[in-house]
Amino acid sequence: MARIMLTLRYDGTAYHGWQVQPNGVTVQQTLQDAIEAVTGVRAGVTGCSRTDAGVHADMFCCAFDTASPLRGDKLCSALNYHLPRDISVYEAREVEEAFHPRYHAAGKRYVYRIWNGPQRHPVYDKYALWVKKPLDTDRLNRMGQEYVGTHDFAAFCGAGSDVQGTTRRTIHTCSVTRQGDMVLFTVEGDGFLYNMVRIMVGTLLEVAAGRLPADGLPAIFESGDRTKAGPTAPAQGLCLERVFYND
């Protein structure tokens with residue numbers, strides 16, 4: 001038996017998130033189907049994160065154990081033959097038996113996309129939140145720097161979270177930039193709570209709309225109260241862009 005690390009991309013629109021659920025099709029289940037079709041064995045697959053329904057990934061890492069001799073491009077091609085077009089495996093390599101894609105991840109980078117044009121963009125409907133009112137990205141970028149550092153993000157954790165232990169997380173970088181009518185909220189940190197990035201975005205958008213004070217983030221952190229932060233931004237704008245590992 002060998003442990004194989006798969007790296008894949010997926011469009012999360014049609015899926016109820018990564019993790020297997022009894023009442024909806026998930027990315028994990030669909031990948032397990034493909035592995036079973038290729039190897040003849042239904043393997044357990046461990047993911048680096050639990051992305052929510054509708055969230056996308058440009059780099060998602062997972063691992064499974066197999067006796068199959070297939071590796072590299074041959075395994076990628078075999079799996080992709082059985083996968084739907086909205087999921088693609090682009091790397092498959094053998095790793096140490098003790099490797100765990102979630103616990104050994106040193107950090108992650110997420111990007112939340114906002115289409116900030118006067119009219120909706122049908123191509124981006126599945127991949128960005130449409131905000132019609134012009135956003136001052138320089139102002140939002142300055143405010144976003146309040147997220148950087150080590151904080152208790154309890155107020156930015158969605159209801160129903162099964163987090164065990166501390167809700168303190170370290171954010172290394174946070175930026176809000178504009179590319180034409182597309183606004184990118186990019187955040188990189190050592191770990192993220194349930195819905196955390198989407199609540200961070202929703203909070204900044206509430207400030208932009210004048211419904212929360214511009215200097216209110218420190219008080220939200222201190223409160224630890226989910227009701228003090230902004231709403232959870234819709235899932236379709238969020239993409240897991242990068243997972244970092246220490247070799």
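1. A214 is placed in the loop that runs between helix 4 and helix 5. The structure is a predicted model, and the remarks below apply to it as such. With a relative accessible area of 43%, A214 counts as partly exposed, because that class covers values from 20% to 50%. Its C-alpha atom is 43 Å from that of V45, and A214 and V45 are 169 residues apart along the chain.

2. Helix 4 covers residues 196–208, which makes 13 residues. Its first and last C-alpha atoms are 19 Å apart, close to the 18 Å expected at 1.5 Å a residue. After helix 4 comes G210, with a positive phi near 85°.

3. How many of the 13 residues of helix 4 are buried? The count is 12, so helix 4 is largely enclosed by the rest of the structure. Among them are the nonpolar residues M196, V197, I199, M200, V201, L204, L205 and V207. The charged residues R198 and E206 are also buried, as are G202 and T203.

4. Helix 4 also bears on the internal space. One cavity of 30 Å³ or more turns up in a search of the whole structure. The largest cavity holds about 50 Å³ of space. Its lining consists of I114, L140, V176, V183, F185, V201, L204 and L205. Two elements, strand 9 (182–189) and helix 4, each give two or more residues to this lining. Helix 4 supplies three residues, the largest share.

5. What classes of residue line the largest cavity? Eight are nonpolar, and there are no polar and no charged residues in the lining.

6. The second largest pocket contains about 300 Å³ of space. It is lined by 16 residues, of which M5, R93, F99, Y245 and D247 are the closest to its centre. Strand 1 (2–10), strand 4 (87–95) and strand 10 (238–245) are the elements that give two or more residues to the lining of this pocket. By class, the lining of the second largest pocket has eight nonpolar, three polar and five charged residues.

7. There are 11 aromatic pairs in the structure. One of them joins Y147 and F221, with ring centres 6.3 Å apart and planes at 90°, so the pair is edge-to-face. The angle decides this because planes over 60 degrees apart count as edge-to-face. Y147 belongs to the loop between helix 3 (137–144) and strand 7 (149–152), and F221 to helix 5 (residues 217–223), so the pair ties together parts 74 residues apart in sequence. Y147 and F221 are both buried.

8. F221 has a further partner in F153: the ring centres are 5.1 Å apart and the planes lie at 90°, so the pair is edge-to-face. F153 sits in the loop between strand 7 and strand 8 (168–179), while F221 is in helix 5, so this pair links parts that are 68 residues apart in sequence. F153 is buried, and F221 is too.

9. Which residues make up the aromatic cluster that includes Y147 and F221? The cluster is formed by Y147, F153, F156, F185 and F221. One of its members, F185, is also among the residues that line the largest cavity.

10. A charge over a ring should be noted as well. R9 lies over the face of Y90, at 3.9 Å from the centre of the ring.

Terms used:
Residues numbered from 1 in each chain as written. Predicted model: local features only at pLDDT ≥ 70, side-chain atom pairs only at ≥ 80, totals over all residues. Heavy atoms only, no water. Phe/Tyr/Trp six-rings, centres within 6.5 Å; stacked < 30°, edge-to-face > 60°. Helix = DSSP H or I, 4+ residues; strand = E, 2+ residues; numbered from the N terminus. Buried < 20%, exposed > 50% of the residue type's maximum accessible area, 1.4 Å probe, protein only. Lys NZ or Arg CZ within 6 Å of the ring centre and 35° of its normal. Expected span 1.5 Å × (residues − 1). 1 Å grid on protein atoms, 1.4 Å probe; cavity = no way out; pocket = protein on both sides within 12 Å on 5 of 7 lines; lining within 4 Å. Points joined across faces, edges and corners; volume = space filled by probe spheres on them.
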